[in-house]
Amino acid sequence: MAFRAAVVTFPGSNCDRDMAVAIEQVSGVAPERVWHGDASLPDSLDFIALPGGFSYGDYLRSGAMAANSPIMREVVRAAERGVPVLGVCNGFQVLTEARLLPGALMRNAQQNFICRTVNLRVENAQSLFTSGYEAGQEIAIPVAHHDGNYFADAETLDQLEGDGRVAFRYTENCNGSQRDIAGVLNAAGNVLGMMPHPERAVEPAHGGTDGRALFEAAIRSLAQA
């Protein structure tokens, strides 16, 4: 399989290289690098990643301006066609602002920036992103955010839970997220947004490799499709 991935860079992204390196380490193929102002995506993409950072300086709301970048129109179309899209940290914020995922990411409840490794519990181990884990498995993944407090109304939260679309939960809530939610899937299961950074946990030098299984699972799922 000729795996083709793309990493989108916005003004203020600071984890795009981390994401690109992680994808290349796991897949063996360097991803395409896409600028926010590009009008189109590379042809025949198998995977799209929206990285962490502070796109547009987090003006208005985190991810709000990036969600209206020219390239996001193409990302939305690709997601609607079924192309897997992973949004991490600021990328998760962009996905909610682009309405590819429900809810919103608000200021952390403690009103401070959190940068440390946290423990997550895998809630859904059947998606193309999470099939490398076991349901209920606890994994250690770094977080680094100021606006990671996941919020949605009760009806939306109930629907996410009922449909099995909560991918990860914090075992100890670090930011005030409702129902300890750390990552959610879209209804089709091909879009995942999560605040923790799996790309920072793919090799032993990072202090842990629990994030590697996410990328391996996605690539394996695409190879089997």
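# Loops, buried side chains and an annotated site

Q: In which loop is the place of Asn-190?
A: This is a predicted model. Two strands frame this residue, and one of them is β10, residues 181-185. Asn-190 sits in the loop between β10 and β11.

Q: Is Asn-190 buried or exposed?
A: Buried means under 20% relative accessible area. Asn-190 has a relative accessible area of 5%. That value is under the cut-off, so Asn-190 is buried.

Q: With which side chain does the side chain of Asn-190 make a polar contact?
A: Beyond four places in sequence, Asn-190 touches residues including Ala-79, Pro-84, Leu-128 and Phe-129. Its side chain also makes a polar contact at 2.9 Å. The partner is the side chain of Asn-186.

Q: How far apart in space are Asn-190 and Gly-136, C-alpha to C-alpha?
A: In sequence, 54 residues separate Asn-190 and Gly-136. In space, their C-alpha to C-alpha separation is 21 Å.

Q: Which residues does the UniProt annotation "active site" cover?
A: The annotation comes from an unreviewed UniProt entry. It covers Cys-89, His-197 and Glu-199. These residues are spread over 111 residues of sequence, yet they cluster in space, with a largest C-alpha distance of 11.0 Å. To repeat the names in the record: Cys-89, His-197 and Glu-199.

Q: What is the relative accessible area of His-197?
A: His-197 lies in the loop between β11 (191-194) and α5 (212-224). Its contacts beyond four places in sequence include Cys-15, Gly-52, Cys-89 and Pro-142. His-197 is buried, and its relative accessible area is 1%.

Q: What is the length of the polar contact that joins the side chains of Glu-199 and His-197?
A: Glu-199 lies in the loop between β11 and α5. Glu-199 is buried, with a relative accessible area of 2%. Beyond four places in sequence, Glu-199 touches Asp-18, His-206 and Phe-215, among others. The polar contact joining the side chains of Glu-199 and His-197 is 2.6 Å.

Q: With which side chain does the side chain of Thr-130 make a polar contact?
A: Thr-130 is found in the loop between β6 (114-122) and β7 (138-145). At 0% relative accessibility, Thr-130 counts as buried. Leaving aside neighbours within four places, Thr-130 is in contact with Asn-124, Ala-125, Ala-167 and Phe-168. The side-chain polar contact of Thr-130, at 2.7 Å, is with Ser-127.

Q: Which side chain is joined to that of Asp-147 by a polar contact?
A: Asp-147 has its place in the loop between β7 and β8 (149-151). Asp-147 is buried, with a relative accessible area of 9%. Contacts of Asp-147 beyond four places in sequence include Asp-58, Ser-62, Gln-93 and Met-195. The polar contact, at 2.9 Å, joins Asp-147 to the side chain of Arg-107.

Q: Does Tyr-59 count as buried or exposed?
A: Tyr-59 is found in the loop between β3 (47-50) and α2 (70-81). Exposed means over 50% relative accessible area. Tyr-59 reaches 59%, so it counts as exposed.

Q: What accessible area do Tyr-59, Leu-60 and Met-65 have together?
A: Tyr-59 is exposed, at 59% relative accessibility. With Leu-60 and Met-65, Tyr-59 forms a nonpolar patch on the surface. Together, the accessible area of these residues is about 380 Å².

Key
Residues are numbered from 1 along each chain as its sequence is written. This is a predicted model: local features need pLDDT of at least 70, side-chain atom pairs count only at pLDDT 80 or more; totals for chains, interfaces and linings use all residues. Side-chain values use heavy atoms; hydrogens and water are left out. Patches are made of residues with over 30% relative accessible area and no salt bridge: like charges are joined within 9 Å, nonpolar side chains (Val, Leu, Ile, Met, Phe, Trp, Tyr) within 5 Å. Accessible areas come from the Shrake-Rupley method with a 1.4 Å probe; for residues, only the protein chains shown count as cover. A salt bridge is a side-chain nitrogen of Lys or Arg within 4 Å of a carboxyl oxygen of Asp or Glu. Helices (H or I, at least four residues) and strands (E, at least two) are DSSP runs, numbered from the N terminus. Buried means under 20% relative accessible area, exposed over 50%, partly exposed in between (1.4 Å probe, protein chains only). UniProt positions are given in the numbering used here, feature names are shortened, and annotations may be inferred rather than shown by experiment. Contact means heavy atoms within 4.5 Å. A polar contact is a pair of N or O atoms within 3.5 Å; within protein, one must be able to donate a hydrogen and the other to accept it, and residues adjacent in sequence count only if both atoms are side-chain atoms.
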